[in-house]
Amino acid sequence: MGHTLRCISPIDGSVFAERDALSTEAARQAADRARAAQRDWADRPLQERIDLVRAGIAALGAMNDEVVPELARMMGRPVRYGGEFGGVEERGGHMAAIAEEALADIAVGEDATVKRYIKRVPHGVVLVVAPWNYPYMTAINCVAPALIAGNSVLLKHATQTLLVGERMARAFHAAGVPEAVFQNVFLDHDTTSALIAERAFDFVNFTGSVGGGRAMEEAAAGTFTGLGLELGGKDPGYVMEDADLDAAVATLVDAAMFNSGQCCCGIERIYVHESLYEAFVERAVAVVEAYTLGDPLDPGTDIGPMAHVRFAAEVRAQIDEALAAGARAHVARKPADDGGAYLTPQILTEVTHEMRVMRDESFGPVVGIMRVSGDEEAIRLMNDSRFGLTASLWTADLARAERVGDRIETGTVFMNRADYLDPGLCWTGCKETGRGGSLSVIGYHNLTRPKSYYLKKPAR
């Protein structure tokens with residue numbers, strides 16, 4: 001038996017849940033069960049797999065009243081926001097709706113002598129390594145289409161959200177998905193790496209840190225196992241001189257602070273045209289000053305604790321370093337800020353790209369705001385990053401947004417929106433944000449492999 005995995009609640013530092021990690025041999029047996037069950041699952045009609053996944057999602061939704069406070073205790077998101085089921089249903093439902101078309105054979109041509117086509121066939125056994133910040137939505141991005149495409153799935157969830165995988169497995173099993181086809185597994189890092197190196201999996205989808213992504217690549221080196229990696233981010237917003245200022249402030253501040261800033265595509269740096277800069281900062285500060293930091297189980301709380309004390313410590317360090325280098329903080333320390341997991345949301349100005357808070361991923365409730373003279377300066381600063389997940393452009397000019405967007409090194413370009421996954425679009429990134437993509441038709445392409453058929457007909 002492996003060591004014990006413990007979820008420490010950020011609310012009070014207590015142990016909220018613990019589970020024993022599987023030994024390497026037990027984990028290997030789980031992967032073997034998944035492989036043995038996958039062929040029969042893939043042989044089921046596509047519509048049957050779609051219906052079972054839809055039913056699993058519905059069963060998960062029926063647990064929402066329990067899930068919401070459980071999430072608050074595990075990772076600190078306030079109960080007032082109602083959990084993640086809306087996003088789970090939107091994403092899973094979309095992938096179910098497009099499955100038939102996305103997985104259809106590609107007809108290349110047929111005549112009297114030959115029939116040619118390309119099928120999309122499942123990889124086999126897929127390992128999904130999911131993060132804690134949006135534990136249900138990030139997991140469903142891959143779990144639903146992987147199952148629909150005919151793969152068997154092992155889900156390894158983050159220790160911070162230890163109980164999420166159990167709930168998902170329980171819901172899908174109750175709906176009729178075979179237990180061996182979708183398994184929740186508790187694995188430590190060493191066992192995970194060992195199984196990847198043994199090629200126990202045919203595809204691995206990982207969402208997490210850059211360091212975690214490197215560990216996945218190192219484990220898979222030489223195995224030719226497919227990897228999908230969504231790693232770090234430092235997503236920018238750019239407010240042009242013709243932007244709707246009120247809408248830009250409301251959306252970008254929310255995108256920076258929601259979930260205590262712990263969003264994969266949260267806004268971490270904002271560039272504002274000099275003509276709007278002072279007004280933008282004034283209004284943004286007023287929004288953040290009105291937030292209530294406190295117990296996430298209290299319906300009046302806007303921002304709860306960060307998921308772990310060590311995450312808050314990194315954000316504090318970035319803020320302190322920036323202030324020492326000349327940045328200005330605009331939000332006074334809130335009463336609930338305890339120097340631990342509870343952290344005052346902060347807006348910084350007079351920041352530069354020499355400061356870590358404008359370079360390194362913060363993944364917390366802090367955003368730096370810089371004034372810019374126009375598109376050229378904004379593009380240069382937005383691209384001055386080792387990450388590339390999303391960018392949010394604020395303007396009344398669609399053509400201008402497209403021109404600027406074409407020059408930004410990023411996976412998604414938003415105009416007058418931020419911090420959202422449209423399941424019809426591929427969720428992807430560039431540079432150290434990773435590679436591959438989930439959701440959309442392309443998500444199915446990454447969870448299957450092409451298989452070509454050249455069928456020469458017998459002479460008559």
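1. Is Asp-202 buried or exposed? In this predicted model, Asp-202 has a relative accessible area of 14% and is therefore buried, since the cut-off for that label is under 20%. Its salt-bridge partner is Arg-35, and the closest N and O atoms of the two are 3.0 Å apart. Arg-35 counts as partly exposed because its relative accessibility is 36%. The two residues are 167 places apart in the chain: Arg-35 belongs to helix H1 (residues 24–43), while Asp-202 is in the loop between helix H7 (189–197) and strand S8 (203–207).

2. The structure holds 31 salt bridges in total. One of them joins Glu-84 to Arg-77, again with 3.0 Å between the closest N and O atoms. Here both partners are buried: Glu-84 has a relative accessible area of 3%, and Arg-77 has one of 5%.

3. Another salt bridge runs between Glu-321 and Arg-356, whose closest N and O atoms are 2.9 Å apart. Glu-321 sits in helix H11 (residues 309–324) and Arg-356 in the loop between strand S13 (346–349) and strand S14 (366–372), so this pair ties together parts of the chain that are 35 residues apart. With a relative accessible area of 39%, Glu-321 is partly exposed. The pair also belongs to a network of salt bridges with shared partners, made up of Arg-214, Glu-314, Glu-321, Arg-356, Asp-360, Arg-386 and Glu-432.

4. Next, the nonpolar cores. The largest has 61 residues, and the members that touch the most others are Leu-147, Met-168, Phe-172, Phe-182 and Tyr-444. Helix H5 (residues 135–148) supplies the largest share of this core, 10 residues. A separate core of 33 residues lies apart from it, with Met-306, Met-355, Ile-379 and Ile-408 among its members.

5. Which residues does Phe-172 contact, leaving aside neighbours within four places in sequence? They are Val-53, Gly-56, Ile-57, Ile-140, Leu-147, Val-177 and Phe-182. Two of these, Leu-147 and Phe-182, are also named among the core members that touch the most others.

6. Helix H5 merits its own point. H5 has 14 residues and spans 20 Å from its first C-alpha to its last, close to the 20 Å expected at 1.5 Å a residue. H5 nevertheless bends by about 30 degrees at Asn-141, with a proline, Pro-145, following within four residues. Of its 14 residues, 14 are buried, so H5 is largely enclosed by the rest of the structure. Just after H5 comes Gly-150, which has a positive phi of about 105 degrees.

7. An open sheet contains 6 strands in the order S7-S6-S5-S8-S9-S20, and its pairing is mixed. The edges are strand S7 (182–185) and strand S20 (434–435); each has a single partner strand, so one side of each lacks a neighbour in the sheet. Within the sheet, strand S5 (residues 125–130) and strand S6 (residues 152–157) run parallel and are joined by 6 bridges. Leu-127 has Leu-154 in S6 as its bridge partner. In a regular strand, side chains alternate between the two faces of the sheet.

8. Strand S1 (residues 4–8) and strand S2 (residues 15–20) give an antiparallel case, with 5 bridges between them. Thr-4 stands opposite Asp-20 in S2. The two strands form a hairpin with 6 residues between them, and Gly-13 in the turn has a positive phi of about 80 degrees.

9. Two residues have a positive phi of about 65 degrees without being glycine: Phe-224 and Ser-440. Their surroundings can be set side by side. Phe-224 is in the loop between helix H8 (210–220) and strand S9 (226–230), and counts as exposed because its relative accessibility is 76%. Ser-440 lies in helix H14 (residues 440–446), and counts as buried because its relative accessibility is 4%.

10. Where does Ala-378 lie? It is in helix H12 (residues 375–383). Ala-378 has 0% relative accessibility and so counts as buried. Not counting residues up to four places away in sequence, Ala-378 touches Tyr-238 and Val-372. The C-alpha atoms of Ala-378 and Leu-52 are 47 Å apart, and the two residues are separated by 326 places along the chain.

Conventions
Residues numbered from 1 in each chain as written. Predicted model: local features only at pLDDT ≥ 70, side-chain atom pairs only at ≥ 80, totals over all residues. Heavy atoms only, no water. Core = buried A, V, L, I, M, F, W, Y, C linked by side-chain atoms within 4.5 Å. Buried < 20%, exposed > 50% of the residue type's maximum accessible area, 1.4 Å probe, protein only. Contact = heavy atoms within 4.5 Å. Pairing = 2+ DSSP bridges. Expected span 1.5 Å × (residues − 1). Bend = angle between axes of the 7 residues up to and from the residue. Salt bridge = Lys/Arg side-chain N within 4 Å of Asp/Glu carboxyl O.
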